[in-house]
Amino acid sequence: PGETTNARIALENTDTVSHAYTLNTGQLPEGFNGYFSLDGNVVNNITLDASQKNIIDFFIDVPLNTSVSDMSIPLEIIRDDGVKESLSVSFTLNQDYALSISSNIQSLKAINGDSIVLEIGVTNTGNKDLTDLSLQVDPPYKWIVENVNPTSLTLKPGENSLYELKVTIPSSGQ
């Protein structure tokens, strides 16, 4: 959940002349986004010379809060002369390892030279134990992470905990 995955599709023009192909997806579940990519660019059409092959990626963006676990997405490739090819791409959503991160911080006010303490909540929303979870912090320029407590966590499914993060904001002269 909350990630993008892809399937690779080999497309080959077995005809003796060049053809343009239109790439279509079937109906996607609500919140999902699917698109085709060729050489890193989003495409809806591709032209292949006679006997040319190419690999197209079909990407699907999976929403974070989805209830769909298995799905089959119909894809259709239509050649410029009306010849249609249909195939189905199956996806299985792995919800074994999932983590929700939250904080009640809506606005952060700090004074140069002072330290602040932030609380970051984490919940294991997956189906398996999460072990050795550690918080990685990328503070703003010159801010110093003094302490992260605990340094790591282990959470069973449904369990939650808090990280306490102490950050020092240097004086403006530093």
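Which strands each supply at least two residues of the lining of the largest pocket? In this predicted model, the strands in question are S1 (4-12), S7 (70-79), S8 (84-92) and S9 (99-102). The largest share of that lining comes from S9, which gives three residues. The pocket itself has a volume of about 520 Å³. Its lining comprises 25 residues, and those closest to the pocket centre are Pro 1, Leu 64, Leu 93, Asn 94 and Gln 95. Sorted by class, the lining contains twelve nonpolar, eleven polar and two charged residues.

The second largest pocket has a volume of about 190 Å³. Its lining draws at least two residues from each of S1, S7 and S8, and the largest share, four residues, belongs to S1. The lining includes the run Ile 9, Ala 10, Leu 11, Glu 12, Asn 13 and Thr 14. Tyr 21, Ile 77, Arg 79, Val 83, Glu 85 and Leu 87 also line this pocket. Seven of the lining residues are nonpolar, two are polar and three are charged. Strands S1, S7 and S8 thus appear in the lining of the largest pocket and also in that of the second largest.

The strands of the model were next examined for their pairing. Strands of a sheet pair through backbone hydrogen bonds, and the pairing may be parallel or antiparallel. One open sheet is formed by four strands in the order S1-S6-S3-S4, with antiparallel pairing. S1 and S4 (41-43) are the edge strands of this sheet, each pairing on one side only. On average, neighbouring strands of the sheet are turned by 40° against each other, direction ignored. Within the sheet, S3 (residues 33-38) and S6 (residues 53-61) run antiparallel and are joined by five bridges. One of the residues involved is Asn 33, whose bridge partner in S6 is Asp 61.

A further open sheet has four strands in the order S9-S10-S14-S12, and the pairing here is antiparallel as well. Its edge strands are S9 and S12 (144-149), each of which pairs on one side only. Neighbouring strands of this sheet are turned by 25° against each other on average, direction ignored. S9, the strand with the largest share of the lining of the largest pocket, pairs with S10 (residues 115-124) in the antiparallel sense over four bridges. In this pairing, Ser 100 stands opposite Thr 123 in S10. S10 is also joined to S14 (residues 160-168), through nine bridges, and these two strands run antiparallel. Ser 115 stands opposite Thr 168 in S14, while Val 122 has Ser 161 as its bridge partner in S14.

The packing of nonpolar side chains was considered next. In soluble globular proteins, nonpolar side chains tend to be buried together. The largest nonpolar core of the model has 23 residues. Phe 36, Phe 58, Ile 60, Ile 73 and Phe 91 are the residues with the most contacts inside this core. Two or more core residues are given by each of S1, S2 (19-25), S3, S5 (45-48), S6, S7 and S8. The largest share, four residues, comes from S7. Strands S1, S3 and S6, which belong to the sheet ordered S1-S6-S3-S4, are among the contributors to the core. Strand S7 supplies residues to the core and to the linings of the largest and second largest pockets.

Two individual residues illustrate opposite degrees of exposure. Val 42 has its place in strand S4, an edge strand of its sheet. Val 42 is classed as exposed because its relative accessible area is 58%, and the class requires a value over 50%. The C-alpha atoms of Val 42 and Asp 57 are separated by 9.3 Å, and the two residues lie 15 residues apart along the chain. Leu 130, by contrast, is found in strand S11 (residues 130-133). Its relative accessibility is 10%, and Leu 130 therefore counts as buried, the limit being under 20%. Leu 130 and Glu 85 are 45 residues apart in sequence, and their C-alpha atoms are 43 Å apart in space. Glu 85 is one of the residues that line the second largest pocket.

Conventions:
Residues numbered from 1 in each chain as written. Predicted model: local features only at pLDDT ≥ 70, side-chain atom pairs only at ≥ 80, totals over all residues. Heavy atoms only, no water. 1 Å grid on protein atoms, 1.4 Å probe; cavity = no way out; pocket = protein on both sides within 12 Å on 5 of 7 lines; lining within 4 Å. Points joined across faces, edges and corners; volume = space filled by probe spheres on them. Nonpolar A, V, L, I, M, F, W, Y, C, P; charged D, E, K, R; others polar. Pairing = 2+ DSSP bridges. Axes fitted to C-alpha atoms, helices over the stretch in contact; angles between N-to-C directions. Core = buried A, V, L, I, M, F, W, Y, C linked by side-chain atoms within 4.5 Å. Buried < 20%, exposed > 50% of the residue type's maximum accessible area, 1.4 Å probe, protein only.
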